Structure formats: structure tokens, C-alpha cells
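Visitor: I'd like a quick tour of this one, please. Where shall we begin?

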Amino acid sequence: MKVVDAKFVTAAPVIEAIPPPVLPEAAFMGRSNVGKSSLIATLTGRHKLVRVSRAPGRTRSINFFEITTGEGPLTLVDLPGYGYAEAPAVQRRQWGPLITTYLEERTALCLNVMLLDSRREPSNADGDLLAMLIEFGRPTVIVATKIDKLAKSKRKPALLRLSKAAGVRVLPFSAKSGEGTETLWQVIAHACGIV
Ligand code: GDP
């Protein structure tokens, strides 16, 4: 996918600050350190773009990016990473009503992109989030990140294990090699009607 332009729109720390839905939106979520910033940078081909999500005070916000592709415009939404050390209840409190409300009610949301580290078992928090996404009923895809860190022989079993655990499509991805970038773009474009 050709990315013609990509710009940061706004950071929403509270529900009231979420911008009106204008373009179709694909939302990216996963626990801290899963590779979400690297994935968004790779998808857009703009490594400076995601730095704004890391600015102090923005790591707990929902960050909106407007992307112009060769096929049409869309919004990429960077949800705050959740911690893997906390108990699910604490994590839910932190992630809070902001994210739950966004995921449940956002009319423009056309695809949930949930990131899981291809080398790790999904955590309780991952499982809680996935169950919530499935309950809300929107198209959802899992991206297995850092696939380059797995030996070739271990990739297929790891992907199978994740897709069995998750019950949705799993795409292998590497921000390091770029593997999976075009397939993920195709899935996003299809779900968001920009092809
Ligand atoms: P975030 O906290 O989810 O935004 O994660 P980052 O994108 O900041 O990545 C966390 C760490 O994993 C960084 O040290 C990245 O360089 C590394 N990382 C992210 N994606 C990949 C990948 O595809 N391959 C490898 N080998 N490392 C990655």
C-alpha cells in the first residue's frame, strides 16, 4: 500500500476529547512492549510519526493519525498499551472506561488489530481484551509480532497455537524485516472499505 501522507491528529485522554468520526478507523492495541509503535511506524513508513504517542502525558491517551493512502484516506488509532505485570482488575481500571467506551461505541471503527508477541503465551489481560472485542462483534485480527525472533521451524506451530487460543485470523509480522506489512494493509483496506 502506498502511503501518501500521515499526520498526527489528536491525543484523547478522556472520552470527551475523542474527535468526531470522519474516516474509517483501524485501532491497534496490545500490551506494552509488544511492538505496537514499531508496527505503526512500519505500516506508515514514518518512524517519527509514533513518537508523538510516546510524549509525556500521551501514553494513557488514545492517539489518532490520519493516513492518506493511494486507495483513499483512513484513520489509524493507537490505543494505550496495557501492563503485563498487573492483575486484570488493576489493568482494567487503568485502561478504563475510555478504551471500553471507544471499542464498544465507535461507529467508525472498522477493524480491531490486536497485537500478541509471537514468542509468548497470551496473558490474562490479553484474553480479557480479546473476549471483549469478540463480544462487541467487530472484525478483529491478531498480529503476531516480532516473528523474526522465531526460528523458521517454530513459526508455523506458534501461529497455529495463537490462532487456536484466539479463534480469529492471525497474521505474522516483523517490523524488523517488514514481513506481513502488505498482508496487514490488505486486511485493513478490505475491512475499512478503502479498496
Ligand atoms: P510498544 O511498546 O508496543 O510500542 O513496542 P515498541 O514498538 O516500542 O517495541 C518494543 C521493543 O521491541 C523495541 O525494543 C523494539 O525495537 C522491539 N521490536 C518491535 N518490533 C520488533 C520486531 O518486529 N522484531 C524485533 N526483533 N524487535 C522488535
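Guide: Let's start with a charged pair: the side chains of K7 and E66 form a salt bridge, 4.0 Å from N to O. That term means a side-chain nitrogen of Lys or Arg within 4 Å of a carboxyl oxygen of Asp or Glu. This is a predicted model, where local features need pLDDT of at least 70, side-chain atom pairs count only at pLDDT 80 or more, and totals for chains, interfaces and linings use all residues. Residues are numbered from 1 along each chain as its sequence is written, and side-chain values use heavy atoms, with hydrogens and water left out.

Visitor: How many salt bridges does a search of the whole structure find?

Guide: Side chains of opposite charge can pair when their charged atoms come close. Searching the whole structure for such salt bridges gives six.

Visitor: Which residue has a side-chain N or O atom 2.7 Å from a nitrogen atom of the ligand?

Guide: Polar contacts here are pairs of N or O atoms within 3.5 Å. Backbone N or O atoms serve ligand oxygens at N33, 2.8 Å away, and at G35, 2.9 Å away. For the ligand nitrogen, the side-chain partner is D148.

Visitor: How many residues surround the ligand?

Guide: Being near takes a heavy atom within 4 Å. The closest are S37, S38, R54, D148 and A175, and the full count is 14.

Key. Polar contact = N/O pair within 3.5 Å; in protein donor to acceptor, adjacent residues only side chain to side chain.
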